[in-house]
Amino acid sequence: MTDAGSSLTRTIARQYDLFQTSLESLHKDRKFLNYGYSVSGTETFEARQQRLCLEVFQAAEIGKDDVIIDVGFGSGEQDFLLSNAYEFRHLMGFNISERQVRYANERAIRENLIHKLSFRLGEAERLSGVEGSSVDRVLAIECAFYFDRPRFYERAAQVLKPGGLVVLADIAFADRASFLARRAEDLRRVGTQSSNRAAWEKHFRTRSVRGINEHTRPGAQMAVWQIFETVPRSRLSAAERREWMKMGFYSQLVALGLQVSFIQYDLIVLQKV
Ligand SMILES: C[S@@+](CC[C@H](N)C(=O)[O-])C[C@H]1O[C@@H](n2cnc3c(N)ncnc32)[C@H](O)[C@@H]1O
């Protein structure tokens, strides 16, 4: 990585490199990596994942001249979706997974979208090379719980123009489960609803926080079933298999946490004043 981060960040980057390798070798058509937004309960998993992204885009009120940053973009699937659904000036993606960045850039070249979409290797907390007050929207779909949040909120506020928005589909511990958020560095990064809010309100006005547990829990459970059904039968490397099984295990905890409201999934809109 050029934008070297903590050892936790490097571990997460390696994990997503392996996920990307698997998604490519399994020839997965739409390469989202989120729990989706369920409405009827009969949709395919991919339709739910796409819907979560569309909910974020709608909340972001994207305009045709907007310069957008998308952090933690996964394979970039959401940004190709955005470029089909909305007009905007330019989108810059930042991701710590080298493999995901390479895949997204190659796809942008293949689809003749490189003038519109560019993907960079780098941390959301740094947004290296982005000038202050130059960006209209920052999007973060199901990834901010990996970030050093105080640094991310501060940097997002620097690069945004006054009035600009940060829109997150975000997972945090409910305040009553705050004891869990103190246990280890990765859980501390998840944070609690109150601690995260206190951190972002140093830089932003909160425009809205919409709880979407009932829309995200079914997809979290589906992710678990899909992982435990597919991975043992797939021809993946031992390292890939291990990461997926870990993801299956954590996703089961998330699904249970959402059900008993120990975990909160929110759609959050913040405005730079
Ligand atoms: C759960 S995936 C979500 C992917 C995508 N947003 C989606 O909805 O399909 C989390 C993503 O965040 C990225 N990520 C984790 N920590 C990051 C950081 N500090 N800076 C930028 N990206 C990060 C991972 O590499 C991965 O692509």
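Two residues count as in contact if their C-beta atoms, placed from the backbone, lie within 7 Å. That rule applies throughout this report on a predicted model.

**Val67**

Val67 sits in strand E1, residues 67-71. Set aside its neighbours within four places in sequence. Val67 is then in contact with Arg89, His90, Ser134, Val135 and Asp136. Is Val67 buried, exposed or partly exposed? It has 18 other C-beta atoms within 10 Å, and 20 or more would be needed for a buried residue, so Val67 is partly exposed. Ala47 is 20 residues from Val67 in sequence, yet their C-alpha atoms lie 27 Å apart in space.

**The chain as a whole**

The chain holds 9 helices and 7 strands. Along the principal axes, its C-alpha atoms fill a box of roughly 50 × 45 × 40 Å. A compact globule of 273 residues would have a radius of gyration near 19 Å; the chain has 17 Å, which agrees. Buried residues make up 47% of the 273 residues. Take the contacts between residues at least 6 apart in sequence. Of these, 74% join residues at least 24 apart.

**The ligand shell**

How many residues surround the ligand? The count is 24, and the closest are Asn34, Gly72, Gly74, Cys143 and Tyr146. Two elements give two or more residues to this shell: helix H1 (7-25) and strand E2 (90-95). H1 supplies the largest share, 3 residues. By type, the shell divides into 13 nonpolar, 8 polar and 3 charged residues.

H1 also contains Thr11. Thr11 is exposed, with 11 other C-beta atoms within 10 Å. Ser97 is 86 residues from Thr11 along the chain, but their C-alpha atoms are separated by 10.0 Å.

**Helices H2 and H9**

The table sets out the two helices.

| Helix | Residues | Number of residues | End-to-end C-alpha distance | Expected span at 1.5 Å a residue |
|---|---|---|---|---|
| H2 | 45-60 | 16 residues | 23 Å | 22 Å |
| H9 | 238-259 | 22 residues | 32 Å | 32 Å |

For H2, the distance from the first C-alpha to the last is close to the expected value. For H9, the two values agree.

Start with H2. Its buried residues are Arg48, Gln49, Gln50, Leu52, Cys53, Val56, Phe57 and Ala60. What covers them? The cover includes helix H3 (77-85), strand E4 (135-141), E5, H8 and E7. Just after H2 comes Glu61, which takes a positive phi of about 45 degrees.

Now H9. Glu240, Glu243, Trp244, Ser251, Val254, Ala255, Gly257 and Leu258 are buried. Why do they line one face of the helix? Seen down the axis of H9, the buried residues fall within an arc of 155 degrees, so they line one face. The face turned away from this buried side carries the exposed residues Ala238 and Lys246. Elements covering the buried residues of H9 include H1, strand E5 (160-173), helix H8 (213-230) and strand E7 (263-271). H9 is followed by Ser261, whose phi is positive, near 60 degrees.

**Links between the parts**

H1 has two roles in this account. It gives residues to the ligand shell, and it is among the elements covering the buried residues of H9. E5, H8 and E7 appear in the cover of H2, and these three elements are also listed in the cover of H9.

Note on methods: Residues numbered from 1 in each chain as written. Predicted model: local features only at pLDDT ≥ 70, side-chain atom pairs only at ≥ 80, totals over all residues. Near = placed C-beta within 6 Å. Helix = DSSP H or I, 4+ residues; strand = E, 2+ residues; numbered from the N terminus. Nonpolar A, V, L, I, M, F, W, Y, C, P; charged D, E, K, R; others polar. Expected span 1.5 Å × (residues − 1). Buried ≥ 20, exposed ≤ 12 C-beta atoms within 10 Å, placed from the backbone. Arc of directions from axis to C-beta. Rg over C-alpha atoms; globule rule 2.2 N^0.38 Å.
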